[in-house]
Amino acid sequence: MPDATPADPVANLARIRARLNAAAEEAGRKPEDITVIAVSKNHGAEAILPLLEAGHRVFGENRVQEAMGKWPALKERYPDIELHLIGPLQTNKAKEAVAFFDVIETVDRPKLARILSEEMARQGKTLRLLVQVNTGEEEQKAGAAPQEADAFIAQCRDEYGLAIDGLMCIPPAEEAPAPHFALLAKIAARNGLKTLSMGMSGDYEIAATLGATHVRVGTEIFGARAY
Ligand SMILES: *Cc1c(COP(=O)(O)O)cnc(C)c1O
């Protein structure tokens, strides 16, 4: 895979789109059923603007605070932006996250589900919510354990009245991603969930063949992140 060219996120996105379309076709899926979430964490407005100008609208951020710093001005110019929170959410940031994001992909524990439910009611706002599943059962990683996912999804629905849209996972960095994507798709299918957020810069094509409806791509679009 050629390196992403940091200077040209629009060309990079076009290349990713073409690869996704080919992967989708190979798997007998419709290309339009796969959305690219451009992960703009650690990148500023100057990197994001060319994508907005080119018509891209779906972006991902992993920190509430960082997103609230750079997105308000961009949202003013492009009101139809769709922002996904893809990083862990602390309950003390739930209020801001509900106010600011359109999709939260990291619902992973009962307390957070309850507070999101209360906040959405308070703000009169319905976000799309995904349950993050820790498919690799990694101790340091957020997400519901695979064997607890069914019960947690049911609890979100029955106890907190949340319409869960789908599932999200981040496979262990050192493992082949395909079994993790397949596991996520299986959990989604048996719970009647349609949205699957899986696949990043290194594995979005594999994710597309295994049913991803959303791939979250940062480095391949924007280049390496400076921390
Ligand atoms: C940063 C991040 C991505 C994007 O990763 P790249 O390898 O840069 O494409 C995707 N998902 C999550 C949850 C992230 O934090």
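## A tour of two pockets

Start by selecting Asn62, Arg63, Val64, Gln65, Pro88, Leu89, Gln90, Lys93, Thr106, Asp108, Arg109 and Ala142: together these residues line the second largest pocket. Keep in mind as you look around that this is a predicted model. The space inside this second largest pocket comes to about 230 Å³. Try colouring its lining by residue class, and you will find 4 nonpolar, 4 polar and 4 charged residues.

Now move over to the largest pocket, which holds about 430 Å³ of space. Its lining is made up of 22 residues. To find your way to the middle, select Lys41, Ile86, Ile170, Met200 and Arg216, the lining residues that lie nearest the pocket's centre. Coloured by class, the lining of the largest pocket shows 8 nonpolar, 9 polar and 5 charged residues.

What takes up the space of the largest pocket? Show the ligand, and there is your answer: the ligand occupies it.

Next, bring up the residues that surround the ligand: Val39, Lys41, Ile86, Met168, Ile170, Met200, Ser201, Arg216, Val217, Gly218, Thr219 and Arg225. By class, this shell has 6 nonpolar, 3 polar and 3 charged residues.

Zoom in on three side chains here, one at a time:

- Lys41: an N or O atom of its side chain is 2.7 Å from an oxygen atom of the ligand.
- Ser201: look for a polar side-chain atom 2.5 Å from a ligand oxygen.
- Thr219: here, too, a side-chain N or O atom sits 2.5 Å from an oxygen atom of the ligand.

For the last stop, switch on a surface for the ligand. How much of the ligand's exposed area does the protein bury? Taken alone, the ligand exposes 390 Å², and the protein buries 88% of that.

Key:
Residues are numbered from 1 along each chain as its sequence is written. This is a predicted model: local features need pLDDT of at least 70, side-chain atom pairs count only at pLDDT 80 or more; totals for chains, interfaces and linings use all residues. Side-chain values use heavy atoms; hydrogens and water are left out. A residue is near a molecule or strand if one of its heavy atoms lies within 4 Å of it. A polar contact is a pair of N or O atoms within 3.5 Å; within protein, one must be able to donate a hydrogen and the other to accept it, and residues adjacent in sequence count only if both atoms are side-chain atoms. Accessible areas come from the Shrake-Rupley method with a 1.4 Å probe; for residues, only the protein chains shown count as cover. On a 1 Å grid over the protein atoms alone, a cavity is a set of points where a 1.4 Å probe fits but cannot get out, and a pocket is an open set with protein on both sides within 12 Å along at least five of seven lines; lining residues have an atom within 4 Å of a point. A molecule sits in a cavity or pocket if more than half of its atoms lie within 2 Å of its grid points. Ala, Val, Leu, Ile, Met, Phe, Trp, Tyr, Cys and Pro count as nonpolar, Asp, Glu, Lys and Arg as charged, and the others, Gly among them, as polar. Grid points are joined across faces, edges and corners, and a volume is the space filled by probe spheres set on the points.
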